[in-house]
Amino acid sequence: MSREPVDVAVGVLIDRDGRFLLTSRPEGKVYAGYWEFPGGKLEAGESVEEALRRELHEELGITIGHAHPWKVEMMDYPHALVRLHFCKVYEWRGEFEMREQQAMAWQGLPVEVVPVLPGTVPVLAWFASERGFAGPTHEG
């Protein structure tokens, strides 16, 4: 049985120190408590950047600058086939507000928060490759 993939825009926010933002999945969602890069599903007619802009404002209360398309990864979860569109974001305005009662953490390698969502793991490997980091990128 083939499943139609769900397109998801994912923001990889990177601060001036090179740290990246992870947020926890809120209670009531699949994989609640797992750490991931923030973002959400594209709505009909939305581009990846439009969806990312909307989602990060809804979830975190920030307005992002340019979203730099980075990589696309398919993840086959038991509940959905997801096509993740990862975009690097270096600029944003506003104070972070956790509007879904999620937690946030600025991280480097190796990531200190656990557990990490499976869809987040490839991104950590990409960072390790870009940054010349050797060793485990996360626990578990």
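# Exercises on a predicted model

Pro115 is placed in the loop that runs between S9 and H2. The structure used in these exercises is a predicted model.

## Exercise 1: The loop between S9 and H2

Determine which peptide bonds at Pro110 and Pro115 are cis, and describe the surroundings of Pro110.

Solution. Begin with the location: Pro110, like Pro115, sits in the loop between strand S9 (104–107) and helix H2 (121–131). Next, take the omega angles: the bond joining Leu109 and Pro110 is cis, with omega at about -5°, and the bond joining Val114 and Pro115 is cis too, with omega at about -10°. Then turn to exposure, where the relative accessible area of Pro110 is 41%; buried requires a value under 20% and exposed a value over 50%, so Pro110 is classed as partly exposed. Finally, list the contacts: when residues up to four places away in sequence are not counted, Pro110 touches Phe133, Pro136, Thr137 and His138. By contrast, Val30, which lies 80 residues from Pro110 along the chain, has its C-alpha atom 25 Å from that of Pro110.

## Exercise 2: Helix H2 and Trp70

Identify which residues of H2 are buried and which elements they pack against, and then trace the contacts of Trp70.

Solution. The buried residues of H2 are Pro122, Val123, Leu124, Trp126, Phe127 and Ala128. In an α-helix there are 3.6 residues a turn, so residues three or four places apart point the same way. As a second step, consider the partners: the buried residues of H2 pack against S1, S2, strand S6 (67–76) and S7. Trp70 is located in strand S6, and its contacts, apart from residues up to four places away in sequence, include Val123, Trp126 and Phe127, as well as Glu130. Trp70 also touches Val12, Phe86, Cys87 and Lys88. For a distant reference point, Glu4 is 66 residues from Trp70 in sequence, and the two C-alpha atoms are 22 Å apart. Just after H2, the backbone of Gly132 takes a positive phi of about 65°.

## Exercise 3: Positive phi outside glycine

Compare Tyr31 and Gln101 with respect to phi, location and exposure.

Solution. Tyr31 is not a glycine, yet its phi is positive at about 60°, and Gln101, a residue other than glycine, has a positive phi near 55°. Their locations come next: Tyr31 is in the loop between S2 and strand S3 (35–36), whereas Gln101 is in the loop between strand S8 (92–93) and S9. The last step is exposure, for which Tyr31 has 25% relative accessibility and counts as partly exposed, while Gln101, at 70%, counts as exposed.

## Exercise 4: A residue of strand S2

Decide whether Thr23 is buried or exposed, and name the residues in contact with it.

Solution. Thr23 belongs to strand S2. Its relative accessibility is 1%, and buried means under 20%, so Thr23 is buried. Leaving aside neighbours within four places in sequence, Thr23 has contacts with Tyr34, Trp35, Glu36 and Pro38, with Leu60, and with Gln102, Ala103 and Met104.

## Exercise 5: The largest pocket

Describe the space, the lining and the contributing elements of the largest pocket.

Solution. The largest pocket holds about 550 Å³ of space. Its lining comprises 29 residues, and those nearest its centre are Val8, Arg25, Glu36, Gly39 and Gly40. Two or more lining residues come from each of strand S1 (6–13), strand S2 (20–24), strand S4 (39–41), helix H1 (48–60) and strand S7 (81–89). By residue class, the lining consists of 14 nonpolar, 8 polar and 7 charged residues.

## Exercise 6: The whole chain

Establish how many helices and strands the protein chain has, in what order they run, and how its radius of gyration relates to the globule rule.

Solution. The protein chain has 2 helices and 9 strands, in the order β-β-β-β-α-β-β-β-β-β-α from the N terminus. Its radius of gyration is 14 Å, close to the 14 Å given by the globule rule for 140 residues, so the chain is as compact as a globular protein of that length. Along the principal axes, the C-alpha atoms fill a box of roughly 40 × 40 × 30 Å. Of the 140 residues, 46% count as buried. Among contacts with a separation of 6 or more, 65% are accounted for by residues 24 or more positions apart. The exposed area is about 7,600 Å², of which carbon and sulfur atoms supply 51%.

Key: Residues are numbered from 1 along each chain as its sequence is written. This is a predicted model: local features need pLDDT of at least 70, side-chain atom pairs count only at pLDDT 80 or more; totals for chains, interfaces and linings use all residues. Side-chain values use heavy atoms; hydrogens and water are left out. On a 1 Å grid over the protein atoms alone, a cavity is a set of points where a 1.4 Å probe fits but cannot get out, and a pocket is an open set with protein on both sides within 12 Å along at least five of seven lines; lining residues have an atom within 4 Å of a point. Grid points are joined across faces, edges and corners, and a volume is the space filled by probe spheres set on the points. Helices (H or I, at least four residues) and strands (E, at least two) are DSSP runs, numbered from the N terminus. Ala, Val, Leu, Ile, Met, Phe, Trp, Tyr, Cys and Pro count as nonpolar, Asp, Glu, Lys and Arg as charged, and the others, Gly among them, as polar. The radius of gyration is taken over C-alpha atoms; the globule rule is 2.2 Å times the number of residues to the power 0.38. Buried means under 20% relative accessible area, exposed over 50%, partly exposed in between (1.4 Å probe, protein chains only). Contact means heavy atoms within 4.5 Å. Accessible areas come from the Shrake-Rupley method with a 1.4 Å probe; for residues, only the protein chains shown count as cover.
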